[in-house]
Amino acid sequence: MSRTALRICPLCEATCGLTLTIEGTRVTKARGDRDDVFSKGFICPKGASFGAADGDPDRLRTPLVREDGELREATWEEAFDAVAAGLRPVVEEHGPHAVGVVLGNPNVHTMAGALYPPVLLAGLRTHSLFTASTVDQMPKHVSSGLLYGDAVAIPVPDLDRTDHLLLLGANPLESNGSLCTAPDFPGKLKALKARGGTLTVVDPRRTRTAKLADRHVAIRPGTDALLLAAMAYVLFEERLVDLGELAPHVQGVGELADALRDFTPEAASPSCDVPADVIRELARELAAAPTAAVYGRIGSCTVPHGTLASWLVDVLNILTGNLDRPGGALFPLSATDKAPRPAGPGRGFALGRWHSRVSGHPEAKGELPLSALAEEIDTVTGEGSPVRALIAVATNPVLSAPDGDRLDKALGSLDFMVSVDPYLNETSRHAHVVLPPPPPSQAPHFDFAFNAFAVHNQVRYTRAAVPLDSGRMAETEILARLVLAATGMHGADPAAVDTLVIDQTLGKAVTDPHAPVHGRDPGELAAALTGDSGPERRLDMMLRLGPYGDGFGARPDGLTLEKVLAHPHGIDLGPLGPRLPQPLKTRSGKVELLPGPIAGDLPRLREALRERSEGLVLIGRRHLRSNNSWLHNVPALTGGTNRCTLHIHPEDAERLGLTDGAPVRVRGAGGAVTAPVEVTDGIRRGVVSLPHGWGHDRPGTRMSHAALDPGVNVNQLLDGSLLDPLSGNAVLNGVPVELTRTS
């Protein structure tokens with residue numbers, strides 16, 4: 001007998017609502033939830049394959065513990081005993097920084113991944129934190145921190161109301177959007193055009209998104225910041241700057257004009273290979289549009305000037321008066337955000353509060369570059385202890401970070417490693433303990449992270465669609481027990497972690513004169529929380545204290561967990577609206593248009609005006625049926641166009657004697673790989689492209705389908721030395737490579 005259940009899809013940032021068909025405890029079908037207040041029935045191939053991903057037979061069902069060099073199945077008690085025995089001696093002998101923590105992209109797609117790593121990091125007090133952010137979006141966090149004083153205050157394009165959208169380095173028809181949570185991104189772009197709006201796409205490839213555009217600008221990879229700086233120059237030169245209602249909230253306009261005076265379209269054109277008249281037209285069109293939004297993503301982040309490009313995206317929105325207005329770029333307000341406080345100066349955002357031990361990379365947002373993880377493990381010389389133990393949560397840096405071969409060897413040298421992962425993959429195969437979370441159907445879901453970047457304010461929560469299998473442990477309990485084992489409290493009740501967080505949060509809230517619970521008894525508030533578990537009680541607390549919450553009875557119509565549960569398809573909280581100056585946490589209380597670190601990095605961008613690319617350069621690419629290295633073990637999501645091939649322009653292929661389907665050797669600073677050629681005029685001359693997330697050919701993994709067509713690891717072409725200096729983000733795009741025919 002089949003039944004249906006609702007579930008928010010965790011397979012990408014679009015967070016679409018699903019209706020699952022369940023036979024017994026097996027998900028047999030997934031379709032879009034037509035009544036979902038946010039996604040309204042939209043679904044992509046990944047969501048449609050939810051059941052296959054959920055029921056993958058290669059998912060680990062029990063913990064693994066290493067004995068005599070081999071991993072064996074173990075009980076949960078044995079596994080956590082081993083974790084405590086492996087981690088605590090490292091901390092006690094070498095200090096907390098000798099324990100590294102690596103958090104992967106899937107971590108933000110789970111409720112547990114949002115709630116427990118902050119507690120783990122607070123308890124460990126380690127500076128050795130590495131995440132997927134530094135091979136992805138860290139430049140945007142840094143630029144937002146410098147502009148607005150808050151690294152997570154990231155404005156998103158108002159897709160449903162804008163008249164003009166300029167996309168750089170983004171391919172949302174394949175990625176479904178990123179740092180811009182928008183179910184049915186393709187439909188929103190088509191609606192933009194249908195209402196007479198304009199879509200411009202800047203990308204070295206003629207992607208599916210570019211094909212939809214009114215104008216496609218095939219820029220030379222890695223020069224986005226030059227193009228944007230030249231556009232800003234035009235706005236100043238032609239007196240098109242109009243801040244409108246933003247003016248009282250912005251400082252540094254005159255200083256910015258002076259700082260950009262060298263970036264004329266004529267100076268930038270040879271480097272970015274975009275005609276000067278086109279650059280001027282882009283700027284004029286942006287300024288002339290009734291409303292407009294500029295949006296840049298991974299292609300403009302993972303380049304040598306990623307932070308400057310991310311900063312300039314917002315600069316253009318500001319100079320045209322499109323920041324913080326409907327139809328422009330707006331700051332979302334999620335249901336679990338902190339309640340708005342009176343506007344005023346804040347503490348600001350600081351970079352480089354500590355540095356990596358080997359190369360001295362400055363931290364950004366509390367993180368060190370993932371590219372530096374290998375050297376932090378395998379380099380013994382220098383002050384301080386190397387990383388001797390590692391906690392890896394939902395991460396596969398052997399494939400996702402530069403120079404996976406070096407990291408692969410480094411992981412094998414660790415004193416101890418624990419991995420929280422459903423698979424034995426290229427990274428977790430090195431662990432001394434593997435703790436497998438249950439499949440997503442057996443876990444509740446709330447999007448703490450992605451609702452903060454949503455293009456429409458809403459709140460949705462789904463409980464587990466399928467009961468937890470016998471012998472499995474909830475991911476929330478796994479991470480709570482990991483916190484206890486890592487911080488010297490092994491054996492304590494895991495519920496104590498949630499209780500501690502609740503007590504600390506409420507204890508602080510009642511002393512805050514701006515909080516709705518100011519002056520009340522925290523014990524009484526804690527007793528009022530509802531929910532079937534500690535994580536649900538924490539969610540209830542966050543909803544009640546949040547901007548739409550009931551304030552524990554102070555606002556009777558406000559949100560609570562019970563109210564959200566009573567609306568299984570979600571609650572519409574309304575379109576995004578202007579919020580300035582409330583989100584600003586800079587020391588001035590204003591948008592600081594030309595922060596010191598940005599001004600200090602501009603000379604490096606001026607040097608790029610004289611650079612000319614010679615030879616071939618490499619870029620990555622996304623595919624709709626893939627998400628990093630997660631999903632290559634799902635047969636329904638591989639094959640067809642989702643293949644690991646090298647895209648090359650026909651003229652480059654002819655010049656090099658390469659034919660479609662033939663193998664080619666690709667060499668970069670970090671090594672070489674061999675991949676089949678795919679000749680296509682969808683990529684500009686002088687550029688080649690390999691997709692990210694492949695390379696499933698290492699021994700000791702248990703991903704049987706992925707191993708049938710392993711592909712190659714594009715990040716092995718990188719040696720990890722190329723970083724954006726402000727953010728520590730890896731440079732993955734626009735890097736030089738050489739091609740050699742193979743027989």
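This is a guided tour of a predicted model, arranged as a series of selections to make in the viewer.

**The open sheet at the start of the chain**

Begin by selecting β1 (2-8), which is one of the two edge strands of an open sheet. Three strands make up this sheet, in the order β1-β2-β3, and their pairing is antiparallel. The other edge strand is β3; each edge strand pairs on one side only. On average, neighbouring strands of this sheet are turned by 30° against each other, direction ignored. Next, select β2 (residues 17-23) together with β3 to display their six antiparallel bridges. Within this pairing, T19 stands opposite R31 of β3.

**The loop after β3**

Continue to D36, which is located in the loop between β3 (26-32) and α1 (45-48). D36 counts as buried, at 4% relative accessibility. Its side chain reaches the backbone nitrogen of S39 at 2.8 Å. Residues up to four places away in sequence aside, D36 touches G17, R460 and H569.

**A strand covered on both faces**

Now select β15 (residues 389-393), where five of the five residues are buried. One side of β15 carries A389, I391 and V393, the other L390 and A392, and both faces are covered. Add strand β6 (residues 99-103), which pairs with β15 in the parallel sense over five bridges. V99 has A389 as its bridge partner in β15. Then add strand β16 (residues 416-420), which runs parallel to β15 and is joined to it by five bridges. Here L390 stands opposite M417 of β16.

**A helix enclosed by its surroundings**

Is helix α6 enclosed or open to the outside? Of its 11 residues, 11 are buried, so α6 is largely enclosed by the rest of the structure. Select M138, K140, H141 and Y148, which are among these buried residues. The elements that cover them include α14 (298-301), α15, β20 (591-592) and α24. Following α6 is G149, whose phi is positive, near 85°.

**The nonpolar cores**

The largest nonpolar core holds 63 residues, and Y148, L227, M231, W311 and I318 have the most contacts inside it. Elements that each supply at least two residues of this core include α6 (138-148), β9 (164-168), α10 (224-237), α15 (306-319) and α24 (596-608). Helix α10 gives the most, with 11 residues. Centre the view on W311 and show its neighbours: leaving aside residues up to four places away in sequence, it touches S143, L147, L256, L593, L594, P595, I598 and L602. Apart from this core lies another, of 53 residues; F80, L87, Y116 and L120 are among them.

**Salt bridges**

Side chains of opposite charge can pair when their charged atoms come close. The whole structure contains 40 salt bridges, and the following selections show some of them.

Select E92 and R88, which form a salt bridge with their closest N and O atoms 3.8 Å apart. Both residues lie in helix α3 (residues 76-94), four residues apart, about one turn of the helix. E92 is exposed, its relative accessible area being 60%.

Move next to D160 and K188, a salt bridge whose closest N and O atoms are 3.0 Å apart. D160 lies in the loop between β8 (156-157) and β9, and K188 in helix α8 (residues 185-194), so the pair ties together parts that are 28 residues apart in sequence. D160 is partly exposed, with a relative accessible area of 37%, whereas K188 counts as buried at 16% relative accessibility.

Which parts of the chain does the pair R698 and D408 link? R698 is in the loop between β25 (687-689) and α26 (704-708), and D408 is in helix α18 (residues 404-412); these distant parts are 290 residues apart. The two side chains meet in a salt bridge of 2.8 Å, N to O. R698 is buried, with a relative accessible area of 14%, and D408 is buried as well, at 11%.

Finally, select E237, E238, E266, R280 and R284, which are joined into one network by salt bridges that share partners.

How values were computed: Residues numbered from 1 in each chain as written. Predicted model: local features only at pLDDT ≥ 70, side-chain atom pairs only at ≥ 80, totals over all residues. Heavy atoms only, no water. Core = buried A, V, L, I, M, F, W, Y, C linked by side-chain atoms within 4.5 Å. Buried < 20%, exposed > 50% of the residue type's maximum accessible area, 1.4 Å probe, protein only. Contact = heavy atoms within 4.5 Å. Polar contact = N/O pair within 3.5 Å; in protein donor to acceptor, adjacent residues only side chain to side chain. Salt bridge = Lys/Arg side-chain N within 4 Å of Asp/Glu carboxyl O. Pairing = 2+ DSSP bridges. Axes fitted to C-alpha atoms, helices over the stretch in contact; angles between N-to-C directions.
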